[in-house]
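Please open the model in a viewer and display it as a cartoon. The tour below proceeds from the whole chain to selected elements.

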Amino acid sequence: MNSRIKRLAVAALATATATLGLTVANPAPASAAMTICYNTSQAPSYAGIANQAASIWNNATTNLTLTANCGTNLRIYQITGGGSYAQRTSLGNGRVYIDTQQAAQYSPLRIMTHEIGHILGLPDNYNGNCAILMSGGSAGTSCTNPYPSTTEANRVSSLFAGTLSANDRRSSTGSQVFKDSWPGLLSVG
């Protein structure tokens, strides 16, 4: 069917439904990805690393996009001492704290991507496996893998699509502080 005939058929259908007093609902557009705006103004020396971590999550998941400096869903702070950690206030919202001392021993990009993972709904998984991003520092200082596993990325995508069970969503979306993902500083001696 050529495009002119299609246009005529659509016009005829519209005229017929209007004449009969019927309304035809337009199909809803496909859902857009949720945008999570992150702000690095309190961690200027980690802005580039935050951008890399955001790119990793953007490429690994669907249903969400992390964007720099468009708001404050996610605030990133630079601290010295006390360890890196995340404080999720709700799914996609919270604060990430990057400890400069810890980032000198562990991969800063792995730390950043891991802590953002908490904001995106993932729990810690202290299994020591470097291929699992949420294993955090349990994989040791030699582990520099900043990429979520397929299982981790799929879970985040499912959380943002709203396709997990109520119990799974509840455990992944509420307010929570994630500390101790990274072992204490190694002593040099």
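With the whole chain selected, six helices and six strands are seen, where helices (H or I, at least four residues) and strands (E, at least two) are DSSP runs, numbered from the N terminus. Their order from the N terminus is α-β-α-β-β-β-β-α-α-α-α-β. This is a predicted model, in which local features need pLDDT of at least 70 and side-chain atom pairs count only at pLDDT 80 or more, while totals for chains, interfaces and linings use all residues. Residues are numbered from 1 along each chain as its sequence is written, and side-chain values use heavy atoms, with hydrogens and water left out.

Of the 189 residues, 40% count as buried (under 20% relative accessible area, with a 1.4 Å probe and protein chains only).

Next, select helix α2 (residues 47-60) and helix α4 (residues 108-119), whose axes come within 9 Å and cross at roughly 55 degrees; axes are lines fitted to C-alpha atoms, for helices over the stretch in contact, and angles run from 0 to 180 degrees between N-to-C directions. Which residues of α2 and α4 make the contact? On α2 they are I49, A50, Q52, A53, I56 and W57, and on α4 they are P108, L109, M112, T113, I116 and G117 (contact means heavy atoms within 4.5 Å).

Finally, select helix α5 (residues 150-161), which has twelve residues. Its buried residues are E152, A153, V156, S157, S158, L159 and F160. Just after α5 comes G162, with a positive phi near 75 degrees.

Methods: Expected span 1.5 Å × (residues − 1). Buried < 20%, exposed > 50% of the residue type's maximum accessible area, 1.4 Å probe, protein only.
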